[in-house]
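The paragraphs below are meant to be read with the structure open, moving from a local detail outward to the arrangement of the whole chain. Please keep the sequence at hand as well.

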Amino acid sequence: MSQGSAPSTGPSYVSVEPNISAQYFEAERERIFKRVWLQVGRAETIPNPGDYFIKELAVLDASVLVIRGRDGVLRAFHNLCRHRGNRLVNQSAGSAKAFACGFHGWTYSSEGELVNIPLEQEFPGCNKAKLGLIRLALDVWEGFIFVHWNSAPEQSLRDYLSPVAALLDGFPFANLELSGSWGASLNSNWKTFQDAFLEAYHVLAVHRRSIPDFRKDPLVTGAQLMGKHCKLTYYQNMLHEPKPAEALAFKLSSSAFLSIDRTNELKNRRWPALNSARRDNWVFDEFVIFPNFHLFLGDGWMLCHEFWPTTVDHTDWQVKYYQQRSNSPAVKIAQEYSKVAMRDAIREDLSTIENTHAAQRLGAMPFMTLSPSLESLIVHHHSVVADYVGARPTRVEA
Ligand code: FES
Ligand SMILES: [Fe+2]
């Protein structure tokens with residue numbers, strides 16, 4: 001995939017078959033999810049030696065245990081005991097000096113070494129050094145933990161994230177703190193779910209209650225292809241008429257969600273790679289890290305969406321909302337308002353996903369009709385998926 005803008009002529013007719021085919025989904029599991037770096041969490045959630053979390057990756061049929069070792073290094077392991085394969089850790093997160101299997105008591109260090117076998121003399125010649133927990137590759141970029149099914153991936157995380165990583169190297173993620181998280185399990189293909197977050201065309205209709213006066217101004221977004229990744233930039237309606245609660249939030253902090261009056265101080269603090277077109281009505285950039293991680297960055301906030309397929313027809317979705325650390329009561333009030341506004345907008349986003357997938361499953365509608373300007377990133381995402389799967393073409397004739 002090359003960088004550049006979307007083509008400007010003619011709709012794209014994208015087949016729905018990849019969204020409903022169990023065979024295609026099996027190919028995605030093998031040729032995408034087992035071959036790419038996958039974002040599974042933030043490093044600051046496990047700051048101390050022995051801290052761990054479990055990431056259930058149904059798409060890989062795997063449970064992954066991420067532990068910070070006594071040496072401070074993060075490692076990822078299959079969450080299974082080397083004796084007979086019992087699940088090693090059941091608690092979703094915590095801290096432990098050692099990890100003892102509940103079946104027969106084989107015990108592992110926080111670096112994954114097998115350190116104790118009860119009645120070890122009954123396992124003559126058993127070499128504990130060769131029976132440590134089974135590794136997955138793990139690397140960290142700007143606090144985001146990525147794992148790779150292959151313990152020695154051909155491509156480094158850094159290369160995989162190009163060119164996005166270079167734009168955000170050094171971004172002050174540490175100034176943000178988790179302020180809310182939501183999740184849902186929907187009867188939808190993972191790509192159909194993501195499609196709803198790859199365009200802003202839907203704001204006119206889906207968000208007619210939460211963001212009603214976008215109708216007064218054409219909603220324009222910027223779309224940029226970035227190799228297998230991409231970026232969507234959202235701009236807002238400068239004629240937006242704030243509701244009373246919004247007006248108060250905007251008065252208390254210009255970083256409130258959808259605030260119109262950005263202060264120069266705020267603009268000067270903004271990360272240089274954001275709002276690359278330098279428009280006054282910029283709201284946020286959404287970096288879409290292939291295959292399933294969407295990173296939204298706005299003034300003083302970040303949203304992290306993860307879309308985890310479980311089957312061809314089902315996806316677990318998790319979103320975390322982060323806001324700038326602040327001790328100011330005024331800013332806190334504006335942030336609380338922003339959190340609720342964000343939650344409500346996201347809830348609206350979920351309203352179309354399941355019925356869209358159900359309609360595609362009917363088999364009556366063979367393709368989607370996509371705008372080359374408004375929905376180019378959907379075409380891009382499906383195209384990259386097809387590239388990995390080796391299943392050209394995804395475009396069909398109308
Ligand atoms: S399966 Fe873990 S100790 Fe036996
Ligand atoms: Fe939306």
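In this predicted model, a convenient place to begin is Gly222, whose bridge partner in strand β14 is Thr233. That pair belongs to a longer ladder, for strand β13, covering residues 221-226, is joined to strand β14, covering residues 229-235, by six bridges, and the two strands run antiparallel. β13 and β14 form a hairpin in which two residues lie between the strands, and in that turn Gly227 has a positive phi of about 65°.

Strands also come together in a wider assembly elsewhere in the chain. In general, the strands of a sheet pair through backbone hydrogen bonds, in either a parallel or an antiparallel manner. Here seven strands make up an open sheet with antiparallel pairing, and their order across the sheet is β2-β11-β10-β5-β4-β3-β6. Because β2 (38-42) and β6 (93-95) stand at the edges and each has a single partner strand, one side of each is left without a neighbour in the sheet. From one strand to the next, the twist averages 30°.

Which strand, then, is joined to β2, and by how many bridges? The partner is β11, residues 144-148, which runs antiparallel to β2 and is joined to it by four bridges. Within this pairing, Leu38 stands opposite Val147 in β11.

The helices offer another kind of packing to examine. Helix α2 (residues 22-33) and helix α11 (residues 376-389) have axes that come within 9 Å and cross at roughly 75°. Since angles of 65 to 115 degrees count as roughly perpendicular, α2 is therefore described as roughly perpendicular to α11. On the α2 side the residues that meet the other helix are Tyr24, Ala27, Glu28, Arg31 and Ile32, while α11 contributes Val385, Tyr388 and Val389. By class, the residues of this contact divide into six nonpolar and two charged, with no polar residue among them.

Finally, at the level of the whole chain, the domain assignment gives domain 1 as residues 38-160 and domain 2 as residues 172-389. The C-alpha centres of domain 1 and domain 2 lie 33 Å apart, and where the two domains touch, five residues of domain 1 are in contact with seven residues of domain 2. The side of domain 1 that touches domain 2 comprises two nonpolar residues, two polar residues and one charged residue.

Conventions: Residues numbered from 1 in each chain as written. Chains lettered and ligands numbered in written order. Predicted model: local features only at pLDDT ≥ 70, side-chain atom pairs only at ≥ 80, totals over all residues. Axes fitted to C-alpha atoms, helices over the stretch in contact; angles between N-to-C directions. Parallel < 35°, antiparallel > 145°, perpendicular 65-115°, else oblique. Nonpolar A, V, L, I, M, F, W, Y, C, P; charged D, E, K, R; others polar. Pairing = 2+ DSSP bridges. Domains from an automatic or database assignment.
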